[in-house]
Amino acid sequence: MTGHRQCAAGITFVLLLIVASTADGQGGMYRGPGAGERMEREQISEDLYVLYGHGGNVALYVTTDGVIVVDSKTTDADGEEIERHVSEVTDQPIRFVVNTHYHMDHTGGNAGVEGTIHKVSHENTRENMVRLNGEKWNAPENRKGLPHIVYDHEMAIKLGGKTIRIYYIGPAHTNGDSIIYFEDEKVIHAGDLFFYLAFPYIDAGAGASSLRWIESVEFMLSLDTERIIPGHGRVTDKAGLGKFRELLREFHEVVEERVQEGKSEEEVASELETYPFGNDPGLAYLRVNVAVAYPEIKAKLGR
Ligand SMILES: [Zn+2]
């Protein structure tokens, strides 16, 4: 594999990318299907926009002193496309890019956003970018895309009279997932702590935790919020996030039942391949996720 870590459509994306690289004989790095395709923009409040399309959902937050962008999709071309969308809604410059986590479909456009821009992430996210996607981020031309402001538990950005709060609750999808809370809008960008409504990918190589993921979801549900931007899928609300919490709970329950019965990890994974989880029949990451959840649940049960 290329070592590019992504999620949701990411595994398919990486596989296709390898094929494309071979076919065009030019390496094909960080281009791939969908790169540079036009993004769909939705205005969700007076000053807040979401960019859908391939890669993770992007938020654009306009203030009188500049724009805060959350996540940057996958490629340099995506970064340029994000700049174009910003210029269509405001004359203000981009001042901050905040990355929710290190996966390439959320950070890959960082170096394509030009100008004097503060790039912000959890400390572990920056580390993961360098360690797990070093092929991209250790290249001299891309290092400008690395976050140079990092935090460990909580921070805030105050710009143009607006506040966004950024929280890290604990290991979940990775070990550096940020919850972005647009306090004045009562909107959350959840990054990939929330897939709407799909089964999550638990990134063990990046220090993720299946069981502790629930804590981040509970925290988001405790905030005063009306709309939630998931990492992938359409904007929803607390009810949508609540369904996702139930999906996570159900997954843990059915794995735990089988651990209690003394079943092996392989037996659990095989049985659950046909289990009807929530609204998501795809279960693209089932085996990966059982591989994370099984030992965690076994340890919890003291087995
Ligand atoms: Zn992700």
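Let's start with Asp71, which is found in the loop between β4 (66-70) and α2 (76-89); helices (H or I, at least four residues) and strands (E, at least two) are DSSP runs, numbered from the N terminus. Residues are numbered from 1 along each chain as its sequence is written. Keep in mind that this is a predicted model: local features need pLDDT of at least 70, side-chain atom pairs count only at pLDDT 80 or more, and totals for chains, interfaces and linings use all residues.

The backbone of Asp71 deserves a look, with a phi near 70°, a positive value in a residue other than glycine. Most residues other than glycine have a negative phi. Asp71 is also buried, with 31 other C-beta atoms within 10 Å. Here a residue is buried if 20 or more other C-beta atoms lie within 10 Å of its own, exposed if 12 or fewer, and partly exposed in between, with C-beta atoms placed from the backbone. Lys73 sits in the loop between β4 and α2, and its phi is near 60°, again positive in a residue other than glycine. Lys73 is buried, with 28 other C-beta atoms within 10 Å.

From this loop, step back to the sheet. It is an open sheet of seven strands in the order β1-β2-β3-β4-β5-β6-β7, with mixed pairing; two strands pair if DSSP finds at least two bridges between them. At the edges are β1 (41-45) and β7 (149-151), each pairing on one side only. Neighbouring strands are turned by 20° against each other on average, direction ignored. Inside the sheet, four bridges join β4 to the parallel strand β5 (residues 94-98), and Ile68 stands opposite Phe96 in β5.

Now add the helices. α2 lies across β1, β2 (48-51), β3 (58-63), β4 and β5, at about 35° to β3. Helix α4 (residues 123-132) lies across β6 (118-122) and β7, at about 100° to β6. These angles run from 0 to 180 degrees between N-to-C directions, with axes fitted as lines to C-alpha atoms, for helices over the stretch in contact.

Finally, the interior. The largest nonpolar core has 70 residues, and those with the most contacts inside it are Leu60, Tyr61, Val69, Ile179, Ile180 and Ile188. Its largest share, seven residues, comes from helix α7 (residues 238-260). Such a core is a set of buried Ala, Val, Leu, Ile, Met, Phe, Trp, Tyr and Cys residues joined through C-beta atoms within 7 Å. Leaving aside neighbours within four places in sequence, Tyr61 is in contact with Asp47, Leu48, Val67, Ile68, Ile164 and Phe182, where contact means C-beta atoms, placed from the backbone, within 7 Å.

Key: Two residues are in contact if their C-beta atoms, placed from the backbone, lie within 7 Å.
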